[in-house]
Amino acid sequence: MGFEQQYDFSLVVNEAEKLVINELEKQLKDEPDETCLCSECVLDMTSCALNNVKPFYRFSLMGALYASFAIHDKEYAESIKTAVADAIERIKSNPGHTL
């Protein structure tokens, strides 16, 4: 039996993903109409932002409780906002596809 079949890795969750996706949705509502919202651009924005924030992985209920306290830190929330804004600008300036 392989390592991945022996353990349930689907239980490992990065709480930062939810925060980045929620923040991206908020910020994109205020973006001009010419901002591309195709799947590729939005996923690029998400990936770019996630690469620039501290991850908060957890796998258990205790980990989820710890993460919920840690991710509501004002400094962390600001880092999410900044990373998302930077990602939007980066992908808007250099989309990974031709329009």
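In which helix do Glu89 and Lys92 both lie, and how many residues apart are they? The legends below take up this question along with other close-up views of a predicted model.

**View 1. The salt bridge between Glu89 and Lys92 in helix H5.** Both residues belong to helix H5, where they are 3 residues apart, about one turn of the helix. The closest N and O atoms of the pair are 3.2 Å apart. Because its relative accessibility is 39%, Glu89 counts as partly exposed, and Lys92, at 31% relative accessibility, also falls in the partly exposed class.

**View 2. The salt bridge between Glu31 and Lys92.** Lys92 also meets the side chain of Glu31, with a separation of 2.8 Å from N to O. Glu31 is placed in the loop between H2 and H3, whereas Lys92 is part of helix H5, so this pair ties together parts of the protein that are 61 residues apart in sequence.

**View 3. The salt-bridge network of Glu15, Lys18 and Arg58.** Within this network, Glu15 forms a salt bridge with Arg58, and the closest N and O atoms of the two residues are 2.5 Å apart. Since Glu15 lies in helix H2 and Arg58 in strand E2 (residues 57–58), the pair ties together parts that are 43 residues apart in sequence. Glu15 has a relative accessible area of 9% and is therefore buried, the cut-off for that class being under 20%. A search of the whole structure finds 4 salt bridges.

**View 4. The largest nonpolar core, with Met45, Val53 and Val84.** This core comprises 17 residues, and the three named in the title are those that touch the most other members. Two or more residues are given to the core by each of helix H2 (15–29), H3 and helix H5 (74–93), and H5 gives the most, with 7 residues. When neighbours within four places in sequence are left aside, Met45 is in contact with Leu24 and Leu28, with Thr35 and Cys36, and with Ala87, Ile88 and Ile91.

**View 5. A nonpolar surface patch that includes Val12.** The patch covers about 790 Å² and is made by Phe3, Tyr7, Phe9, Leu11, Val12, Tyr57 and Phe59. Val12 has its place in the loop between helix H1 (3–6) and strand E1 (13–14). At 42% relative accessibility, Val12 counts as partly exposed.

**View 6. The whole chain and the confidence of its elements.** The protein contains 5 helices and 2 strands, which follow one another along the sequence in the pattern α-β-α-α-β-α-α. Of its 99 residues, 30% count as buried, while the protein exposes about 7,100 Å², of which carbon and sulfur atoms supply 55%. Among contacts in the protein with a separation of 6 or more, 80% are accounted for by residues 24 or more positions apart. The mean pLDDT of the protein is 88, and 89% of its residues reach 70 or more. Among the elements, helix H3 (residues 39–50) has the highest mean pLDDT, at 97, and helix H4 (residues 61–70) the lowest, at 69. Where pLDDT is low, the predicted coordinates should not be read in detail.

Notes: Residues are numbered from 1 along each chain as its sequence is written. Side-chain values use heavy atoms; hydrogens and water are left out. Helices (H or I, at least four residues) and strands (E, at least two) are DSSP runs, numbered from the N terminus. Buried means under 20% relative accessible area, exposed over 50%, partly exposed in between (1.4 Å probe, protein chains only). Contact means heavy atoms within 4.5 Å. Accessible areas come from the Shrake-Rupley method with a 1.4 Å probe; for residues, only the protein chains shown count as cover. pLDDT is the predictor's confidence in each residue, from 0 to 100. A nonpolar core is a set of buried Ala, Val, Leu, Ile, Met, Phe, Trp, Tyr and Cys residues joined through side-chain atoms within 4.5 Å. Patches are made of residues with over 30% relative accessible area and no salt bridge: like charges are joined within 9 Å, nonpolar side chains (Val, Leu, Ile, Met, Phe, Trp, Tyr) within 5 Å.
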